[in-house]
Amino acid sequence: MGTEESFYPSEEDIEKWMSRAFDMAREALQNGEVPVGCLLVYNQEVVGKGRNEVNETKNATRHAEMVALDQLQDWCRRSNLDVRCVCERTALYVTVEPCIMCAAALRLFKLPVVVFGCRNDRFGGCGSVLDVASADLPLTGNTFKCVSGHRAEEAVEMLKTFYRQENPNAPKPKTRKD
Amino acid sequence: MEPQRKRWKGSECGSDSWTVYPVLSDEQSQDLELVEAFAAPVLNKKETSRLLRELSSLYPMSGLQHIKRVRTVKGSPHPLEVLLCLVRDAPHMEVLSIDSLLPSGVKHDALGEPFRVKIPARPPLTRPQFEQAGKHWPTSFHEDKQVTVALRGELFTAPQKASMHMHMMSALTAAKAGSELGMDAVGAVVVDPSTEKVIAVGHDCRGDHPLHHAVMVCIDLVARSQAGGSYYFDQYPACTFTPPASDTFQSPPSSLPYICTGYDLYVTREPCIMCAMALVHSRIGRVFYGTASADGALGRKYKIHTQKDLNHHFEVYRGVLGEQCEDLTSKVEVYRKVDY
Ligand SMILES: [Zn+2]
Ligand SMILES: [Zn+2]
């Protein structure tokens, strides 16, 4: 157990939780939903598990990350834990780079680290369109670290498959390798 | 004397007490950039068109199509001056002279002594940019009349301003209601400008949830007005939405959640990057805000509404009831300083 500053998921953590996120994404794809898997993990426990709820809520901001953050807050309430303390030691694992809005939301929750699969060339907020993750925005929470590229091609493939099926609401990736 | 003055100031807040300005892209608002060139006076006016023809094939000045090749200098014995080439395109020479700039093929006895001049590097996009550019060298200008009028703060008619005034007043009232509950003093209103109908009114609720900024609250209230939504803000009397009239409401033909298409948002303070991007996702029509914010994403830190890579762009205006909105914000900042 390190201090706040040194909080960083281990290689095994990344492997394990990203694999779970990919399972979620694949499941979503099979159900005709946006294939994005998204987990918030605190202390080896999943405290938020979001799926894209844009269509059923008619609220275009209900991305998987936003849904997961709500669950984290509910989990803290139920567990009688302080959201701020939990967030300091929580990592987000997500198959696609969070968009600009979600990256800002993660800052506002003061999450220290985000692990993602492929880039999001249309909306990405962790460097692809803007780098909200590390921008100097003193009134918008904290910066966070990014670990990117984990099974990126697989994540892109799923999005492309989904696109061929329909729906314009998902992040549209380009097969770009960098 | 003092209370008298205050009362007078309070009653003065009609829609002529503020001016609304557009928040333009960086390209439209950036300062003039200059590039160095060589020019020379034309000694024999009759030779001008031949010189122009030969010069433009010799030195095409590509990327500078906005530059007029010839200018007229009033009061000079040789009022016509022609651009020869950019300094960076010129051949290397020990001493500046026409002979070294133009190869022997070009007959140049109609040209006087060459000189250095700074010319505008980019085409002007707005009238202020055009006027700035013209002080250095004449350029062409494809004027967007609406932008010109908007930059003068004269885009909206008196009745339009009166309606903007009314909507921002609602946002201010909501902000104050939220602030009394311990929230940040920010309020927002979503209006359908085609019917002038108010769709949603909301205020900041981040005391309950760190993401419930006034704009996010309004977006969810708009979703609720269309039988969607994720939250209940019913415990906040100042957060309201107008349910669709059952006989007129039709669900949009597609189930796409671009629910703010064509709507106007009034918000007392410039939205943050999360809220600005939420407005992109929701396809907002126009945004009007009162006062800028240090982290603002519709003008101050970013201009999300003009961000090239994004798939939706919209107009943004600032300054609606600017002073009253500013007062709201500064009060909160004072309060915060005490708090922390
Ligand atoms: Zn997102
Ligand atoms: Zn915000």
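How are the donor residues of the zinc ion (ligand 2) spaced in sequence? They follow H-x58-C-x2-C, and this tour reaches them after some notes on the model. This is a predicted model, in which local features need pLDDT of at least 70, side-chain atom pairs count only at pLDDT 80 or more, and totals for chains, interfaces and linings use all residues. Residues are numbered from 1 along each chain as its sequence is written, chains are lettered from A and ligands numbered from 1 in the order in which they are written, and side-chain values use heavy atoms, with hydrogens and water left out.

Select ligand 2 and then B:His213 (ND1), B:Cys272 (SG) and B:Cys275 (SG), the protein donors lying 2.0 to 2.3 Å from this zinc ion; donors here are N, O and S atoms within 2.8 Å of the metal (3.2 Å for Na, K and Ca), and sites may look incomplete, as water is not among the atoms. B:His213, in the loop between strand S7 (197-203) and helix H8 (214-225) of chain B, is paired with B:Cys275 in helix H9 (residues 273-281), 62 residues apart; helices (H or I, at least four residues) and strands (E, at least two) are DSSP runs, numbered from the N terminus. Both residues of this pair are buried, meaning under 20% relative accessible area with a 1.4 Å probe, protein chains only.

Move next to ligand 1, a zinc ion coordinated at 2.0 to 2.3 Å by A:His63 (ND1), A:Cys99 (SG) and A:Cys102 (SG), with the spacing H-x35-C-x2-C along the chain. A:His63 and A:Cys99 are buried.

Terms used:
Buried means under 20% relative accessible area, exposed over 50%, partly exposed in between (1.4 Å probe, protein chains only).
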